[in-house]
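Colleague: Could you take me through one part of this model in some detail? I'd like a close look at the surroundings of the ligand, and at whatever connects to them.

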Amino acid sequence: MKEKNLLKDSSAYYENNDYYEIFSKAEDGESKVVNYLSKIAKDKIVLDAGCGTGKFLQILEDVSSKYIGIDLSFNQLVKAKIKSRKENSIFVNTNLKDTMLCSDSIDLIVSPWVLGTITDLGDRELCLQDLKRVLKPGGKIILIENEEDSEFETLRGHDKDTRTKDYNNWILNNGFKVMERFNTYFKFDSKDEARKCFLEIYGVEVASRVKSELIEHKIVLFEFVK
Ligand SMILES: C[S@@+](CC[C@H](N)C(=O)[O-])C[C@H]1O[C@@H](n2cnc3c(N)ncnc32)[C@H](O)[C@@H]1O
């Protein structure tokens, strides 16, 4: 079986994949990103753009004044909503191309591993354009993304091409700066669980390269200030 092309029709893919939740929980085993978000989201109106199953929902809800989660995948959004504990949180099943949120209304937009899954460059640009529109002057967009050199990239075969590099350069060319870099890892319960997740998400070839329940992962945070 060839490596799955997740970038193709990613929303439909995430819609149907229950393994994404296990994968997401294993990611950033030391909660370095969570700790960072807890500081910058304090008392802010936060948009989690492409919230998926709500990986960062708990910390963002806890510290923010208001949490808005948007995702194209209805099923992922339902999983996120079940985790919600704040009555004023809002969940919207829509495309980031057209959020219908008011202009200049959001203090902080956090978008973890989302825009890179949108292969159509025109669509991706429309999404970023709308995120910038809804941001308050002085507000920030934080894109949470993968570094080019880590075991996670090698496992997925991204060391053999310029996918991650090209995407990260696209971000930099759109007015973002690198804010933080975190050396972290995926921590699965067992090697078998890690393999099963990678099999379901990336296919048999990638899964066969998984040798441990711990997988090194380097994360980079990009920041845009309006
Ligand atoms: C790799 S997942 C990341 C999910 C979550 N942010 C996390 O860190 O676990 C990408 C998410 O972006 C969503 N997504 C992709 N394109 C989108 C779009 N145009 N509008 C809204 N959500 C989108 C997918 O449905 C999916 O839930």
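Modeller: I'll start at the ligand, follow one of its contact residues into the protein, and finish with a few other places. Bear in mind that this is a predicted model.

Let's begin with the shell. The ligand is surrounded by 20 residues, and the closest are Gly50, Asp71, Asn95, Leu96 and Pro112. Sorted by class, that shell has 10 nonpolar, 8 polar and 2 charged residues.

Now the polar side of things. Asn95, already named among the closest residues, has a side-chain N or O atom 2.9 Å from a nitrogen atom of the ligand. With Leu72 the backbone is involved: one of its polar backbone atoms is 3.2 Å from a ligand nitrogen. Tyr20 uses its side chain, where an N or O atom sits 3.4 Å from an oxygen atom of the ligand. As for how much of the ligand is covered, on its own it has 600 Å² of accessible area, and the protein covers 97% of that. Two elements give two or more residues to the shell, namely α1 (10–16) and α2 (19–26).

Tyr20 is the residue I'd follow next. Tyr20 lies in helix α2, and so does Phe23, 3 residues further on, about one turn of the helix. Residues three or four places apart on an α-helix point the same way, because there are 3.6 residues to a turn. The model has 17 aromatic pairs in total. Tyr20 and Phe23 make one of them, a tilted pair with 5.4 Å from centre to centre and 40 degrees between the planes. Both rings belong to buried residues: the cut-off is under 20% relative accessible area, Tyr20 comes in at 15%, and Phe23 is at 2%. The pair doesn't stand alone either, as ring pairs link Tyr20 and Phe23 with Phe152, Phe186, Phe188, Phe198 and Tyr202 into a cluster. So Tyr20 has a polar atom 3.4 Å from a ligand oxygen and a ring in that aromatic cluster.

Staying with α2 for a moment, look at the loop between α2 and α3 (32–40), which is where Asp28 is placed. Asp28 has a positive phi of about 60 degrees, although it is not a glycine. Asp28 is buried as well, with a relative accessible area of 5%.

Met100 makes a nice comparison. Met100 also has a positive phi, about 65 degrees, and is not a glycine. Its place is the loop between β3 (90–93) and β4 (106–112). Met100 counts as exposed, at 63% relative accessibility, whereas Asp28 is buried.

Last stop, helix α5 (residues 74–83). Its buried residues are Gln76, Leu77 and Ala80. They lie on the same side of α5, because the arc they cover around the axis is only 95 degrees. Lys81 and Ile82 are exposed on the other side of the helix. Then comes the loop between α5 and β3, where you'll find Glu87. Glu87 counts as exposed, at 83% relative accessibility. Glu87 is 21 residues from Lys66 in sequence, and their C-alpha atoms are 9.5 Å apart in space.

Definitions and conventions:
Residues numbered from 1 in each chain as written. Predicted model: local features only at pLDDT ≥ 70, side-chain atom pairs only at ≥ 80, totals over all residues. Heavy atoms only, no water. Near = heavy atom within 4 Å. Polar contact = N/O pair within 3.5 Å; in protein donor to acceptor, adjacent residues only side chain to side chain. Areas by Shrake-Rupley, 256 points an atom, 1.4 Å probe, with all protein chains shown as cover. Helix = DSSP H or I, 4+ residues; strand = E, 2+ residues; numbered from the N terminus. Nonpolar A, V, L, I, M, F, W, Y, C, P; charged D, E, K, R; others polar. Buried < 20%, exposed > 50% of the residue type's maximum accessible area, 1.4 Å probe, protein only. Arc of directions from axis to C-beta. Phe/Tyr/Trp six-rings, centres within 6.5 Å; stacked < 30°, edge-to-face > 60°.
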